[in-house]
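Hi,

Here is the structure I promised to pass on, with my notes below it. Have a look whenever you get a moment.

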Amino acid sequence: MTVQLIDPPGLPVPGVYRQMAVAAGSRTVYLAGQVARTAEGEPVGAGDLAAQTEQAFLNVATALDAAGGTVDDVAKLVLYVVDWSPDKLAALGEGVARASARLGRDLTRPVTLIPVAALAEPDLLIEVDATAVLD
């Protein structure tokens with residue numbers, strides 16, 4: 001296994017993410033931020049954070065598949081969310097859960113959530129940045 005997920009003693013156990021990933025492998029994959037677009041560039045989930053989150057994570061999985069990996073190889077995530085507030089946590093969690101179910105994989109990883117005023121295009125609500133380590 002290239003990525004070992006750990007919640008070390010002395011730190012809180014958040015449940016919705018992991019505190020740390022220890023990765024060992026020969027290739028590191030740095031993905032461009034993934035957003036709610038189909039392969040044809042069509043928008044997905046206008047105004048719907050859960051739908052956009054699901055599509056962004058599915059795009060991460062597609063990119064990793066092209067590199068010979070899966071979401072299991074993700075060591076770190078950074079989520080950029082437009083106009084973040086705690087009341088958006090349920091929609092964010094729903095989108096991650098739907099992507100997880102569709103992929104048949106646990107997407108719980110070390111993650112940093114960064115609130116932003118806007119993303120590159122006005123309809124985007126989330127961008128998912130992933131770093132993975134492959135053998």
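The largest cavity in this predicted model comes out at about 40 Å³. Searching the whole structure turns up one cavity of 30 Å³ or more. Its walls are made by Phe57, Val60, Val71, Val74, Leu77, Leu107 and Arg109. By elements, H1 and E4 are the ones that put two or more residues into that lining. As for chemistry, the cavity lining splits into six nonpolar residues, one charged and no polar.

Then there is the largest pocket, which you may want to look at next. About 420 Å³ of space sits in that pocket. It has 18 lining residues, and the ones nearest the pocket centre are Val16, Tyr17, Leu79, Leu92 and Val111. Which element gives the most to this lining? That would be H2, with six residues. E4, helix H2 (89-103) and E5 each bring at least two residues to the pocket lining. Sorted by type, the pocket lining holds 13 nonpolar residues, three polar and two charged.

Now for the sheet, since E4 turns up in the lining of the cavity and of the pocket. Four strands make an open sheet, in the order E3-E6-E4-E5, with mixed pairing. Strand E3 (27-30) and strand E5 (111-116) are the edge strands, and each has a single partner, so one side of each goes without a neighbour in the sheet. On average, neighbouring strands here are turned by 10° against each other, ignoring direction.

Going through the pairs one at a time:

- E3 with E6: the two run antiparallel and are joined by four bridges. Here Tyr30 sits opposite Thr131 in E6.
- E4 with E6: strand E4 (residues 74-82) and strand E6 (residues 126-134) are antiparallel too, over seven bridges. Val78 has Asp129 in E6 as its bridge partner, while Tyr80 stands opposite Glu127 in E6.
- E4 with E5: these two run parallel, with six bridges between them. The bridge partner of Val82 is Val116 in E5.

How does the chain get from E4 to E5? The path goes through H2, giving a right-handed β-α-β crossover. So the helix that gives the most to the pocket lining is also the one that links these two strands, as the crossover from E4 through H2 to E5 shows.

The other helix to look at is H1 (residues 49-66), which packs on the sheet and touches E3, E4 and E6. Its direction makes about 25° with that of E6. H1 is also one of the elements behind the cavity lining, together with E4.

One last thing, about the backbone. Most residues other than glycine have a negative phi. Asp83 has a positive phi of about 50°, although it is not a glycine. Where does Asp83 sit? Its place is in the loop between E4 and H2, on the stretch where the chain crosses from E4 through H2 to E5.

If you open the file with a few views in mind, I would start with the cavity lined by Phe57, Val60 and Arg109, among others, then go to the pocket with Leu79 and Leu92 among the residues nearest its centre, and finish on Asp83 in its loop.

Cheers

Definitions and conventions: Residues numbered from 1 in each chain as written. Predicted model: local features only at pLDDT ≥ 70, side-chain atom pairs only at ≥ 80, totals over all residues. Heavy atoms only, no water. Pairing = 2+ DSSP bridges. Axes fitted to C-alpha atoms, helices over the stretch in contact; angles between N-to-C directions. Contact = heavy atoms within 4.5 Å. 1 Å grid on protein atoms, 1.4 Å probe; cavity = no way out; pocket = protein on both sides within 12 Å on 5 of 7 lines; lining within 4 Å. Points joined across faces, edges and corners; volume = space filled by probe spheres on them. Nonpolar A, V, L, I, M, F, W, Y, C, P; charged D, E, K, R; others polar. Right-handed = clockwise from strand over helix to strand, strands pointing away.
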